[in-house]
Amino acid sequence: MSRIGKLPISVPAGVAISVEKDNVVTVKGPKGTLTTQVDRDINVAIEDGTLTVTRPTEQKRHKAMHGLYRSLINNMVQGVSNGFEKKLELVGVGYKASLAGTTLELALGYSHNIYIALPKEVTATAVTEKGKNPIVTLNSIDNQLLGQVAAKIRSLRKVEPYKGKGVRFVGEIIRRKAGKTASK
């Protein structure tokens, strides 16, 4: 059995889960509604406030789908009840972030500013304190979309290993390299 797949998902108060006959799982909660299509071979059952995901056989494909869909449904339940948050830190001289509506404007040391149109499901805040690096905070109920947007922002200026400049997650440990040494 899959270690992740066999774990039951406890449904918190205020969250409603419905499974339609064509394996479409809909999760409604205080923060919003999420829907996903589950593979037709995977069985999803709700009993006594817990949701269980089972697979029909021990085929490699079924084993792979078992843990995947359990994790996706669990992320949906967590998202509609608590939400998800990712914080990005802009490390570098002159790096700035500002928000205008749903457009994030980044100055990352290029000759031009970069404008990113955020999806309507993702909300952002940009905080710049004097003497500290700017921090962009992204919030959403959809963990997959949130990670995709954060990865896109991070890819605009990857952290370089010599000075550590670039866009990184808060708390991320960067592997540093020693630079050239002067010879005598």
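# Briefing: Asn23, two sheets and two cores

The backbone oxygen of Asp39 lies 2.9 Å from a polar atom of the Asn23 side chain. This is a predicted model. Asn23 opens the briefing. The two sheets, the cores and the annotated domain follow.

**Asn23 and its surroundings**

- Asn23 sits in the loop between β2 (16-19) and β3 (24-29).
- Its relative accessibility is 12%, so Asn23 counts as buried, the cut-off being under 20%.
- A further polar partner is Ile42, whose backbone oxygen is reached by the Asn23 side chain at 2.8 Å.
- Leaving aside residues up to four places away in sequence, Asn23 touches Thr36, Gln37, Val38, Asp39, Arg40 and Ile42.
- The backbone of Asn23 has a positive phi of about 60°, although Asn23 is not a glycine.
- Most residues other than glycine have a negative phi.

**Asp48 and the β5-β6 hairpin**

- Asp48 also has a positive phi, of about 50°, and is not a glycine.
- Its place is the loop between β5 (43-47) and β6 (50-54).
- These two strands form a hairpin with two residues between them, and Asp48 lies in the turn.
- Is Asp48 buried or exposed? Asp48 has a relative accessible area of 83%, so it is exposed, the cut-off being over 50%.
- Asn23, by contrast, counts as buried at 12%.

**The sheet β1-β6-β5**

- Three strands make up this open sheet, in the order β1-β6-β5, with antiparallel pairing.
- β1 (9-10) and β5 are the edge strands; each has a single partner, so one side of each is left without a neighbour in the sheet.
- β5 and β6 are joined by five bridges in the antiparallel sense.
- Across that pairing, Glu47 stands opposite Thr50 in β6.
- Ala45 faces Thr52 of β6 in the same way, standing opposite it.
- β1 and β6 also pair in the antiparallel sense, over two bridges.
- There, Ser10 has Thr50 of β6 as its bridge partner.
- Thr50 therefore has a partner in the sheet on each side: Glu47 stands opposite it, and Ser10 bridges to it.
- In a regular strand the side chains alternate between the two faces of the sheet.
- β6 has a covered face with Leu51 and Val53, and an uncovered face with Thr50, Thr52 and Thr54.

**The sheet β8-β9-β10**

- Another open sheet has three strands in the order β8-β9-β10, and its pairing is antiparallel.
- β8 (96-100) and β10 (114-117) stand at its edges with a single partner strand each, so one side of each has no neighbour in the sheet.
- From one strand to the next, the twist averages 20°.
- Five bridges connect β8 with β9 (residues 103-107), and the two strands run antiparallel.
- In this sheet, Ala100 stands opposite Thr103 of β9.

**The nonpolar cores**

- Which members of the largest nonpolar core touch the most other members? Of its 22 residues, they are Leu90, Leu106, Leu108, Ile116, Leu138 and Ile153.
- Two or more residues come from each of β7 (84-91), β9, β10, β12 (135-140) and α2 (143-155).
- α2 gives the most, with five residues.
- Apart from this core lies another, of 17 residues, including Ile9, Leu34, Leu51 and Val80.
- Leu51 in that core also belongs to the covered face of β6.
- Back in the largest core, Leu138 has contacts that include Phe84, Leu88, Val122, Ala124, Leu146, Val149, Ala150 and Ile153.
- Leu138 also touches Glu85, Lys86 and Thr123; residues up to four places away in sequence are not counted.

**The annotated domain**

- An unreviewed UniProt entry carries the annotation "domain: Large ribosomal subunit protein uL6 alpha-beta", which covers residues 11-83 and 91-168.
- In residues 11-83, the end C-alpha atoms lie 15 Å apart, and the span is 30% helix and 36% strand.
- In residues 91-168, the end C-alpha atoms lie 8 Å apart, with 17% helix and 37% strand in the span.

Conventions
Residues are numbered from 1 along each chain as its sequence is written. This is a predicted model: local features need pLDDT of at least 70, side-chain atom pairs count only at pLDDT 80 or more; totals for chains, interfaces and linings use all residues. Side-chain values use heavy atoms; hydrogens and water are left out. Two strands pair if DSSP finds at least two bridges between them. Helices (H or I, at least four residues) and strands (E, at least two) are DSSP runs, numbered from the N terminus. Axes are lines fitted to C-alpha atoms, for helices over the stretch in contact, and angles run from 0 to 180 degrees between N-to-C directions. A nonpolar core is a set of buried Ala, Val, Leu, Ile, Met, Phe, Trp, Tyr and Cys residues joined through side-chain atoms within 4.5 Å. Buried means under 20% relative accessible area, exposed over 50%, partly exposed in between (1.4 Å probe, protein chains only). Contact means heavy atoms within 4.5 Å. A polar contact is a pair of N or O atoms within 3.5 Å; within protein, one must be able to donate a hydrogen and the other to accept it, and residues adjacent in sequence count only if both atoms are side-chain atoms. UniProt positions are given in the numbering used here, feature names are shortened, and annotations may be inferred rather than shown by experiment.
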